[in-house]
Amino acid sequence: MSPFTVNESTISDSPRFPHRGILIDTARHFLSVKTILRTLDAMAFNKFNVLHWHIVDDQSFPYQSTTFPELSNKGSYSLSHVYTPNEVREVIEYARLRGIRVIPEFDSPGHTQSWGKGQEGLLTPCYRSYQPEVSGPINPTLNTTYSFLYKLFKEISWVFPDQFIHLGGDEVEYDCWESNPNIQTFMKQKGFGTDFSKLESFYIQKLLNIISTLKKGSIVWQEVFDNNAKLQSGTVVQVWKEQNYAKELSSITAAGFPVIISAPWYLDRISYGQDWRLYYAVEPLNFSGTQEQKQLVIGGEACLWGEYVDATNLSPRLWPRASAIGERLWSRQDVRSLDDAYRRLTVHRCRMVRRGIAAEPLFTGYCDNVLK
């Protein structure tokens, strides 16, 4: 028998930030489990460790709830466009074996049109003829709302083992609330005047209390903080608005809350050329604050929203553009050479292609050992 020679190597490496995430959106376009599993493989190849699963939204509710089956029966695009409990477990376990956490997002009180199809009385009736929808955000004035939310999130907290649930809280439209006389009466009784951000904060704080009761931590979009909701200690705030996001980081961390950065890393926005260079050049801690504040930045996420993305273009839009973000969240602050990154990223892109990941080219050239 011929002898074998084994090359012994020692690698010493560790991530700069503990939270290195990819957001996928399965509500605007349904993504098959096969597509999600392939994405998890690519995430592992690129040292990402969090799948932020924006699973439901206005357009569809594909999560199949055992407690409220009508949510997906009536709120999904079709009965074949759902994630069964077994499929959700499959995604979570596949991710776990690759060192990836799965954090679900059930965004409310806005972005909930699909919820109302399967849960009567949940959404707020609108009373203005020019409004395109007959109902608006979740109705925050009813006890039945919070009874429903407790039961739904009790199930979610059991299904998804991660310590965090993302509660959303972004882009709440106030027109429908403003048009509803019952909402107006409720606001007067609570002393909110005509400030609908206070009503939104009232809802969010009730939801945060529910999640706390279920022994889970909460992640929210930055509007929740901006609207002065009384956040519990440890609530994570995700910054997504690109304008003045450094100032936002300063304000949130000064208040003592952990932060996830997404503002400069929205991959659904595409442009001609090598936009990965812009993502690579971001310095997450480039904001005004103390060392204690900067330690509250736990990481970041590359977000790929699904309005114009389905299984046909998910992978090439993500990779290798997200790879640049993965290195920024993993490597030391002084690893910044664009020329060196380009050389390594070109090789890594070909490596992903050989592994079956449809990663788009960075520029002209070719990959060795790739079948025609």
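1. Charge distribution. In this predicted model, the 39 positive and 40 negative charges of the protein have mean positions that lie 4 Å apart.

2. Overall dimensions. Along the principal axes, the C-alpha atoms of the protein occupy a box of roughly 80 × 50 × 40 Å. The radius of gyration is 22 Å, which agrees with the value near 21 Å that a compact globule of 372 residues would have.

3. Secondary structure and contact order. The protein contains 15 helices and 10 strands. When contacts between residues at least 6 apart in sequence are considered, 70% of them join residues at least 24 apart.

4. Burial and surface. Of the 372 residues, 54% count as buried. The exposed area of the protein is about 18000 Å², and carbon and sulfur atoms supply 51% of this area.

5. Setting of Ser262. This residue belongs to the loop that runs between strand 9 (259-261) and helix 11 (276-281). Ser262 has a relative accessible area of 0% and is therefore buried, the cut-off for that class being under 20%.

6. Polar contacts of Ser262. Two partners of the Ser262 side chain deserve attention. The side chain of Gln238 makes a polar contact with the side chain of Ser262 at 2.8 Å. The backbone oxygen of Glu301 is reached by the side chain of Ser262 at 3.4 Å.

7. Wider surroundings of Ser262. With neighbours within four places in sequence left aside, the residues in contact with Ser262 are Gln238, Val239, Trp240, Glu301 and Cys303. Gln238 thus appears both in this list and as the side-chain polar partner at 2.8 Å. Glu301 likewise appears in the list, and its backbone oxygen is the atom that the Ser262 side chain reaches.

8. Setting of Ile325. Helix 14 (residues 321-330) includes Ile325. The relative accessibility of Ile325 is 0%, so this residue counts as buried.

9. Contacts of Ile325. Residues up to four places away in sequence being excluded, Ile325 touches Phe48, Trp265, Leu267, Tyr279 and Ala302. For one of these partners, Ala302, the separation from Ile325 is 23 residues in sequence, while the C-alpha to C-alpha distance is 7.0 Å.

10. Points for inspection. Which side chain makes a polar contact with the side chain of Ser262? The residue to examine is Gln238, at 2.8 Å. In which helix does Ile325 lie? The element to display is helix 14, residues 321-330.

Methods
Residues are numbered from 1 along each chain as its sequence is written. Side-chain values use heavy atoms; hydrogens and water are left out. Helices (H or I, at least four residues) and strands (E, at least two) are DSSP runs, numbered from the N terminus. The radius of gyration is taken over C-alpha atoms; the globule rule is 2.2 Å times the number of residues to the power 0.38. Buried means under 20% relative accessible area, exposed over 50%, partly exposed in between (1.4 Å probe, protein chains only). Contact means heavy atoms within 4.5 Å. Accessible areas come from the Shrake-Rupley method with a 1.4 Å probe; for residues, only the protein chains shown count as cover. Lys and Arg count as positive and Asp and Glu as negative; His and the chain ends are not counted. The place of a charge is taken as NZ of Lys, CZ of Arg, CG of Asp or CD of Glu. A polar contact is a pair of N or O atoms within 3.5 Å; within protein, one must be able to donate a hydrogen and the other to accept it, and residues adjacent in sequence count only if both atoms are side-chain atoms.
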